Amino acid sequence: RTKSLFSIMRKVLSLEDLQRGGRDRGEVFDVLGMRAIVEPRGDLPQKEAEALAAQACYVVAEVAGELWTAVPERTKDYITMPKRNGYQSIHMTVRLLQPRGEPD
């Protein structure tokens, strides 16, 4: 998915203005995004289905890490450490324009 033009403009207009919640240009990572939604299988017991769905999330993250260069400090594992409301996911930032293995 692409970030909405409104959201990008709001971020750009507040760049460098830390008082308004802005960020340095080097901290804007999320102009594009990809979401892989994994549904637990309905034909398996719930715990087993949820474990397989979590495993599938890690496979997706591994494939993304093989295709693009991951930014480790921008990766959050909400499967291992779910949010209080039960939300589980993996958030991973990758560098799309930089070939895999090239230095920053």
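How many helices and how many strands are there in the protein chain? Here are my notes; keep in mind while reading that this is a predicted model.

1. **Overall layout.** The protein chain has two helices and four strands. Starting at the N terminus, the order is α-α-β-β-β-β, so to speak a plain list to keep at hand while you scroll through the model. Helix 1 covers 5-13, and helix 2 takes in residues 46-67.

2. **Burial and surface.** Of the 104 residues in the protein chain, 18% are buried. The accessible surface adds up to about 8400 Å², and carbon and sulfur atoms own 55% of that surface. As for contacts, take those in the protein chain with a separation of 6 or more: 43% of them join residues 24 or more positions apart.

3. **The salt bridge.** A look through the structure turns up one salt bridge. The partners are R41 and D43, and their closest N and O atoms are 2.8 Å apart. In general, side chains of opposite charge can pair when their charged atoms come close. Are the two partners buried or exposed? R41 counts as partly exposed because its relative accessibility is 46%, while D43, at 55%, counts as exposed. The cut-off for exposed is over 50%.

4. **A49 in helix 2.** A49 belongs to helix 2. With a relative accessible area of 3%, A49 is buried, since the label applies under 20%. Which residues does A49 touch once its neighbours within four places in sequence are set aside? They are P40, R41 and L44. R41 is thus a name you have met already, as the salt-bridge partner of D43. For a distance to check on screen, the C-alpha atoms of A49 and E39 are 8.6 Å apart, with their positions 10 residues apart in sequence.

5. **V38 in the loop.** V38 lies in the loop between helix 1 and helix 2. Its relative accessible area is 28%, so V38 is partly exposed. Apart from neighbours within four places in sequence, V38 is in contact with A53, A56 and C57. Those positions fall in the 46-67 range of helix 2. Now try S89: V38 and S89 are 51 residues apart along the chain, yet their C-alpha atoms are separated by 9.6 Å.

6. **A nonpolar patch.** Which residues form a nonpolar patch on the surface? V59, V63 and L67 do, and together they have about 250 Å² of accessible area. V63 is placed in helix 2. At 40% relative accessibility V63 counts as partly exposed, and that is enough for a patch, because members need over 30%.

7. **Rings.** Searching the whole structure gives one aromatic pair. Pairs of this kind are described by the distance of the centres and the angle of the planes. There is also a charge to look at: the charged end of K83 sits over the ring of Y78, 4.9 Å from the ring centre.

Note on methods:
Residues numbered from 1 in each chain as written. Predicted model: local features only at pLDDT ≥ 70, side-chain atom pairs only at ≥ 80, totals over all residues. Heavy atoms only, no water. Phe/Tyr/Trp six-rings, centres within 6.5 Å; stacked < 30°, edge-to-face > 60°. Lys NZ or Arg CZ within 6 Å of the ring centre and 35° of its normal. Patch = residues over 30% accessible without salt bridge, like charges linked within 9 Å, V, L, I, M, F, W, Y side chains within 5 Å. Areas by Shrake-Rupley, 256 points an atom, 1.4 Å probe, with all protein chains shown as cover. Salt bridge = Lys/Arg side-chain N within 4 Å of Asp/Glu carboxyl O. Buried < 20%, exposed > 50% of the residue type's maximum accessible area, 1.4 Å probe, protein only. Contact = heavy atoms within 4.5 Å.
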